[in-house]
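Here's a quick tour of one protein fold, put together for someone just starting out. Take a look at the sequence and the 3D view, then read on.

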Amino acid sequence: CSLLSCSLNAPPLIVEPFANDNWLRHTYPNVITNDLNPIYDTDYNLEAHDFAKEIRRERSDPPEVDLILFDPPWTLNQLKTSYEGIGQHLELWQAQNKWGQCRSDLAHAVKPGGIVMSWGYESHGFGWRRGFKDLEMLIGVQSYQADRYDILCIVEQKVQKTLRPKA
């Protein structure tokens with residue numbers, strides 16, 4: 001069995017804050033999707049931080065989420081393009097935060113034993129401070145294009161039942 005099919009309940013509740021044109025919501029019955037761009041057929045069209053707050057409000061008491069697919073824009077250029085492509089302004093805090101508060105809010109909604117998969121060019125996952133342990137790191141090598149970075153996917157599992165408030 002695969003990591004996900006062995007680790008998740010059937011059917012899992014999946015949350016994807018940066019869904020774009022994702023096929024998952026057409027394949028699995030319990031997928032909550034979001035994308036800032038309203039051209040995509042998602043459940044929400046919110047800025048990721050607002051979506052994370054909504055998921056925390058709706059799904060964290062008790063935690064309900066089995067899987068989060070966390071695949072934000074990986075670079076400032078991608079982030080800028082995402083916002084300006086739909087007529088939005090990229091604020092300074094959005095460029096500096098790198099999704100920290102978004103991760104914190106989403107972490108509250110993940111069940112103990114739930115999984116988070118984070119993609120990007122760096123190995124920032126949700127981390128032990130948010131109650132997660134590393135399970136594995138997958139590396140997508142883009143060998144067909146010499147000027148491309150490898151893509152990393154950090155797979156983590158929630159092991160801590162309650163999250164301590166930040167001091």
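What follows covers the sheet, the helices that pack on it, and one lysine. Keep in mind that this is a predicted model. Its sheet is an open one, built from 6 strands, and Lys158 sits in one of them, strand β6.

**The sheet**
- Going across the sheet, the strands come in the order β2-β1-β3-β4-β6-β5, and their pairing is mixed.
- At the edges you'll find β2 (31-33) and β5 (132-140), each of which pairs on one side only.
- From one strand to the next, the twist averages 15°.
- In general, strands of a sheet pair through backbone hydrogen bonds, and they can do that in a parallel or an antiparallel way.
- Here, β1 (residues 14-16) and β3 (residues 65-70) go for the parallel sense, with 2 bridges between them.
- If you want a spot to zoom in on, Ile14 stands opposite Leu67 in β3.

**Helices on the sheet**
- Helix α3 (residues 48-59) lies across β1, β2 and β3, and runs at about 145° to β2.
- Helix α6 (residues 100-107) packs on the sheet too, touching β1, β3, β4 (110-120), β5 and β6 (151-158).
- The direction of α6 makes about 165° with that of β3.

**A buried lysine**
- What does Lys158 do without a salt bridge? Its side chain reaches the backbone oxygen of Ala107, at 2.8 Å.
- Lys158 is buried, and the nearest side chain of opposite charge, Asp61, is 11 Å away.

Technical notes: Residues numbered from 1 in each chain as written. Predicted model: local features only at pLDDT ≥ 70, side-chain atom pairs only at ≥ 80, totals over all residues. Heavy atoms only, no water. Pairing = 2+ DSSP bridges. Helix = DSSP H or I, 4+ residues; strand = E, 2+ residues; numbered from the N terminus. Axes fitted to C-alpha atoms, helices over the stretch in contact; angles between N-to-C directions. Contact = heavy atoms within 4.5 Å. Buried < 20%, exposed > 50% of the residue type's maximum accessible area, 1.4 Å probe, protein only. Lys, Arg positive; Asp, Glu negative; His and termini not counted. Salt bridge = Lys/Arg side-chain N within 4 Å of Asp/Glu carboxyl O. Polar contact = N/O pair within 3.5 Å; in protein donor to acceptor, adjacent residues only side chain to side chain.
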